[in-house]
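Let's take a walk through this one, starting with the chain as a whole and ending with a pair of rings. Have the viewer ready.

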Amino acid sequence: MNSPLASYLRAFLGVHLVTLRAAWRVKDRGASAVELAVITAMILTVAVILLAVITHFVKGAANQIKNTTP
């Protein structure tokens, strides 16, 4: 098991293992991800509310157009 591919895989996995261990030592590393998720949820909520308001006004305008057509 002394092939170049095996050596490359060991080195590749070793680097990622070191990075993973460093991430485990830092406890608040996921805080920014949580903040991003909350902000995304708030933006999504505003977008859904705007979609509902626009749909309401468009349907009202469509009814007015239907009522004024001779």
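What follows goes from the overall picture to the side chains. Keep in mind that this is a predicted model.

Start with the fold. The secondary structure of the chain amounts to two helices and zero strands. As for burial, just 1% of the 70 residues in the chain are buried. The chain's accessible surface adds up to about 6600 Å², and carbon and sulfur atoms account for 74% of that.

Now for the rings. How many aromatic pairs does a search of the whole structure find? The search turns up one. Its members are Tyr-8 and Phe-12, with ring centres 6.0 Å apart and planes at 20°. Planes under 30 degrees apart count as stacked, so this pair is stacked.

Where do these two residues sit along the chain? Both belong to helix α1, which covers residues 4–25. Tyr-8 and Phe-12 are about one helical turn from each other because they are four residues apart in that helix.

Are the two partners buried or exposed? Tyr-8 has a relative accessible area of 52%, so it is exposed, given that the cut-off for exposed is over 50%. Phe-12 comes in at 40% relative accessibility, which makes it partly exposed.

Both rings also take part in something on the surface. Tyr-8 and Phe-12 join Leu-5, Leu-9 and Leu-13 in making a nonpolar surface patch of about 540 Å². Take Leu-9 from that group: it is placed in helix α1, and its 42% relative accessibility makes it partly exposed.

So, back to the pair: Tyr-8 and Phe-12 are stacked, and both contribute to the nonpolar patch.

Note on methods
Residues are numbered from 1 along each chain as its sequence is written. This is a predicted model: local features need pLDDT of at least 70, side-chain atom pairs count only at pLDDT 80 or more; totals for chains, interfaces and linings use all residues. Side-chain values use heavy atoms; hydrogens and water are left out. Rings of Phe, Tyr and Trp (its six-membered ring) pair if their centres lie within 6.5 Å; planes under 30 degrees apart count as stacked, over 60 as edge-to-face and the rest as tilted. Buried means under 20% relative accessible area, exposed over 50%, partly exposed in between (1.4 Å probe, protein chains only). Patches are made of residues with over 30% relative accessible area and no salt bridge: like charges are joined within 9 Å, nonpolar side chains (Val, Leu, Ile, Met, Phe, Trp, Tyr) within 5 Å. Accessible areas come from the Shrake-Rupley method with a 1.4 Å probe; for residues, only the protein chains shown count as cover. A salt bridge is a side-chain nitrogen of Lys or Arg within 4 Å of a carboxyl oxygen of Asp or Glu.
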